[in-house]
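Please open the model in a viewer and keep the selection panel at hand. The stops below proceed from one selection to the next.

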Amino acid sequence: MKTIKEIKTVKFQLETLTCPSCSQKIEGVLNKEQGVEEAKVLFNSSKVKIQYDSDEVTSDRLKELIEKVGYPVLS
Ligand SMILES: [Cu+2]
């Protein structure tokens, strides 16, 4: 039997994004992660919207990946 993937959406508020290349870097790292369906950085509001499969990756892990790029996650 095929299991149905449960896709969740999480939004993080980042510290103000100052350059577009950083937001691309964040998107790149997230989209490469197993379990991430789609990650999108909303540059103007310094937010990241991520759709992910909660069986494969946790929101804590996603947060950690963003912080590794160098951007503190505020909430
Ligand atoms: Cu930058």
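Select Cys22 to begin: its relative accessibility is 17%, so the residue counts as buried, where buried denotes under 20% relative accessible area, exposed over 50%, and partly exposed the range in between (1.4 Å probe, protein chains only). The model is a predicted one, in which local features need pLDDT of at least 70 and side-chain atom pairs count only at pLDDT 80 or more, while totals for chains, interfaces and linings use all residues. Residues are numbered from 1 along each chain as its sequence is written, and side-chain values use heavy atoms, with hydrogens and water left out.

Add Cys19, which counts as partly exposed because its relative accessibility is 27%. Then display the copper ion: its protein donors are Cys19 (SG) and Cys22 (SG), at 1.9 to 2.1 Å. Donors are N, O and S atoms within 2.8 Å of the metal (3.2 Å for Na, K and Ca); water is not among the atoms, so sites may look incomplete. How many disulfides does a search of the whole structure find? The search returns zero, a disulfide being a pair of cysteine sulfur atoms within 2.5 Å.

Move next to Ser23, located in helix α1; helices (H or I, at least four residues) and strands (E, at least two) are DSSP runs, numbered from the N terminus. Ser23 counts as buried because its relative accessibility is 9%. Beyond residues up to four places away in sequence, Ser23 touches Leu17, Val41 and Phe43, contact meaning heavy atoms within 4.5 Å.

Now select Leu14, Ile26, Leu30, Ile50, Leu62 and Ile66, the residues with the most contacts inside the largest nonpolar core, which has 19 residues. Such a core is a set of buried Ala, Val, Leu, Ile, Met, Phe, Trp, Tyr and Cys residues joined through side-chain atoms within 4.5 Å. Two or more of its residues come from each of β1 (7-13), α1 (20-32), β2 (36-42), β3 (47-53) and α2 (59-69). Outside its neighbours within four places in sequence, Leu14 has contacts that include Ile26, Ser46, Ile66 and Tyr71.

Finish with β2 and β3, which pair in the antiparallel sense over six bridges; strands pair if DSSP finds at least two bridges between them. Val36 has Tyr52 in β3 as its bridge partner. The two strands form a hairpin with four residues between them, and in the turn Ser46 has a positive phi of about 55 degrees.
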